[in-house]
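Here are a few exercises on how the parts of a protein model meet. Try each task on screen before you read the solution.

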There are 2 protein chains.
Amino acid sequence: MTREESGRAGGAPDNDRMMEPPGKGKPTLRTIAGLTGLAVTTVSRALAGDVQIALETRMRVSQVAREIGYMPDRAAQRLRTGRTNVISLILDPHEEILGYATSMINGVTEALRDTPYHLVITPHFSDRPQIEPVAHILRNRTADGVIFTRTEPLDARVKMLLESDFPFICHGRTELATPHPYVDYDNYAFAYQAARRLTASGCRKLAIILPPTAFTFAHHMRHGFMTAIREEGLAYEIPQEVTLDSKSDAIRDCFFALFAHPDRPDGVVCGGEVIAMAVMAAAYDHGLKLGQDVHIVTKQTSGLFDQVRPRIPTIYEDLAEAGRLMGELLLKRIAEKKPVTELQYLQTVTGF
Amino acid sequence: MTREESGRAGGAPDNDRMMEPPGKGKPTLRTIAGLTGLAVTTVSRALAGDVQIALETRMRVSQVAREIGYMPDRAAQRLRTGRTNVISLILDPHEEILGYATSMINGVTEALRDTPYHLVITPHFSDRPQIEPVAHILRNRTADGVIFTRTEPLDARVKMLLESDFPFICHGRTELATPHPYVDYDNYAFAYQAARRLTASGCRKLAIILPPTAFTFAHHMRHGFMTAIREEGLAYEIPQEVTLDSKSDAIRDCFFALFAHPDRPDGVVCGGEVIAMAVMAAAYDHGLKLGQDVHIVTKQTSGLFDQVRPRIPTIYEDLAEAGRLMGELLLKRIAEKKPVTELQYLQTVTGF
DNA sequence: GACTCGGTTTGTATCGTTATAAATTCAACA
DNA sequence: TGTTGAATTTATAACGATACAAACCGAGTC
């Protein structure tokens, strides 16, 4: 008690700079130190909730801090502690899937809400090696955690991050022996169920557009699709010249050609809305009737297909939720060393 | 010359820490200082290209820096100089327009390529005042420049940023007296030309879905639309209960109701692809034939409508270019105090 | 030989924060 | 009365970079 007051009265001697408030600038620890008559160190520790600091002091300090609207300087914290309070989301500007990035960003953003973390978008330009942004972040420690997508079976980024024991989470799984955090959508189930719906509609020959084979989820999709095919003993066709990444014009042209054949597929599994629109366009341009001559099931990641006519059956993938999950799991990974199994999540296919 | 070598030989005395390389960590200025036998200050200034430093020294230093892969520590630079090397893009997670955010992010990202700037996504949660993220950035100087969208005629964010003389650029114009940097799309021209195309197709009564009136571009659109209406002396209808921000279901329902009337509109101007899909769905659900009973012109911001059948006339808005322009102009604004007129850009409507 | 002067390099302090070690206070105890 | 120790608080140094003022060097001048 007396210390306080003596501190207030005689507090000037050492940190006499308090007299000159740090310009018109933001309040710093020193501002609070001046106001309370405490040392900067004490203020810092008080705000950090150190139990070595008297409870009363802690309360008084945080009270003052709140009053003057103190916010710690991120740069200073980062320089001192090495923690950046940054989550880096690596994005490929070429993602064609409708609003893929936006939904995911929104999800991650939501998870980061009310945390000190900022979201930095790190581009991966397609003319550069995929590992580059990860290597850069790792080398310069410009983030506390990394999120990336389009995971490959033997993903070099995963390997590198695992080796460095650096917090990360990816959208999609690998086939690596070492388990690692991920959020994935069950594309096996998607393709399987999509195919089953088509067979249930009486289709005799199915087609599917797969992602580039480099990506793990291409195999999942193929597997799900083929399982349904085998169960039914159906004919099928997997066009090799297009992928989910192809321009929609290319996909339309491809299916326009396919639909010209007498043994054309009468059911198509579409991995995305734009793909579905392209296939529909191809059918339309042939005068084929949707739901009669040709059936389609598509993955839906936005509200768009609620407005598409005729109505097309869809299977929903919640990308915003995926983003939110990735954010949450990554934060968990950063905060504490959890067993990896708690950092893995597989989004199931909703409904049939 | 001699200095160099003496420096190399006897360079140890003061900065003897060079012997213990800073852990396994990244190289810093001190690493280079150790290697070259120069003082940290000299290295810093050499890398900064200070002409006070001998050309030979500058070259030698940057050579060494390159060899050991030196990258300046952002946190340290930021703490010392106050420059963050961050551009903040304020995003509203509720933007419904298809891929709006993604395209813009890609554009900004492209502009920031090969600069030291990072892109930070700052969310604006719709349950919070619009000014909040801007005020926060301003107060804590967490960025060197701000980008935001959905500008209002008397936009509080613009006012605040102008007052603080803080670099920013917005997507959309204001009606403020003080000129400020912006990139905008000519929505007047869009609406005008869209309407004219519809009248050219023989429409007798036009409808348009406008953005929420709070936004400046709502007025631009209305004005363009109404100009065309007046020139042709046509009937028109502007549904009040929906806006471009409405859920697409609401828009479809609204137009389903409109299309039920005998004096229904036979031409609709759609400000976005999802809107257009909703209107098309409403028409379809009434059995109205597109291109005959009802005509539509839509703004196109992605490749989606290339696949929509029947083909719908579209007017293109390049959001990625808008993002790129915003990035470039903002960087220009940060680098040098240019006249504002060079920091304004209006994207014209391409073709008729 | 002392002196000045460009051209060049260096030392010192600082940004705001925090880890570490040291200091202070005061009550309890011998 | 002096000692011990728990409870608090404080001083110091560092993170890596840069602004500023001062120092250094050799050459040219008087």
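A salt bridge here is a side-chain nitrogen of Lys or Arg within 4 Å of a carboxyl oxygen of Asp or Glu. By that rule the structure holds 36 salt bridges over all chains. Before you start: this is a predicted model, where local features need pLDDT of at least 70 and side-chain atom pairs count only at pLDDT 80 or more, while totals for chains, interfaces and linings use all residues. Residues are numbered from 1 along each chain as its sequence is written, chains are lettered from A and ligands numbered from 1 in the order in which they are written, and side-chain values use heavy atoms, with hydrogens and water left out.

**Exercise 1. Describe how domain 2 and domain 3 of chain A meet.**

Step 1: find the domains. An automatic or database assignment sets the bounds: domain 1 is 2-72, domain 2 is 80-180 + 320-347, and domain 3 is 187-316. Between domain 2 and domain 3 of chain A, nine residues of the former and 12 residues of the latter take part in the contact (heavy atoms within 4.5 Å).

Step 2: get the distance and the area. The C-alpha centres of these two domains of chain A lie 30 Å apart. Together they bury about 1,100 Å², with 53% of it on carbon and sulfur atoms; buried area is the accessible area (1.4 Å probe) that two parts lose on being put together, summed over both.

Step 3: look for charge pairs. The rule finds one salt bridge across this domain interface. A:R150 forms a salt bridge with A:D245, with 2.6 Å between the closest N and O atoms. On the domain 2 side, the residues touching domain 3 are two nonpolar, two polar and five charged. For these classes, Ala, Val, Leu, Ile, Met, Phe, Trp, Tyr, Cys and Pro count as nonpolar, Asp, Glu, Lys and Arg as charged, and the others, Gly among them, as polar.

**Exercise 2. Work out what chain A and chain B bury between them, and which salt bridges cross over.**

Step 1: start with area. The chains bury about 4,200 Å², 61% of it on carbon and sulfur atoms. In chain A, A:R113, A:Q307 and A:R309 lose the most area to chain B, together 15% of what that side buries.

Step 2: count residues. Each chain gives 49 residues to the contact.

Step 3: turn to the charges. Four salt bridges cross between chain A and chain B. A:R113 pairs with B:D127 in a salt bridge, at 3.0 Å from N to O. By class, the chain A side that touches chain B has 23 nonpolar, 12 polar and 14 charged residues.

Step 4: check B:R309, whose side chain meets that of A:D285 in a salt bridge (2.9 Å, N to O). This pair runs from the loop between β9 (295-300) and β10 (314-316) of chain B to helix α12 of chain A. Helices (H or I, at least four residues) and strands (E, at least two) are DSSP runs, numbered from the N terminus.

**Exercise 3. In which sense do β2(A) and β2 of chain B pair?**

Step 1: apply the rule that two strands pair if DSSP finds at least two bridges between them.

Step 2: read off the result. β2(A) and β2 (residues 118-123) of chain B are antiparallel, over three bridges.

Step 3: pick a facing pair. A:L119 sits opposite B:I121 in β2(B).

**Exercise 4. Which residues does A:P93 contact, leaving aside neighbours within four places in sequence?**

Step 1: place A:P93 in the loop between β1 (86-91) and α6 of chain A.

Step 2: list the partners, which are A:H124, A:F125 and B:N106.
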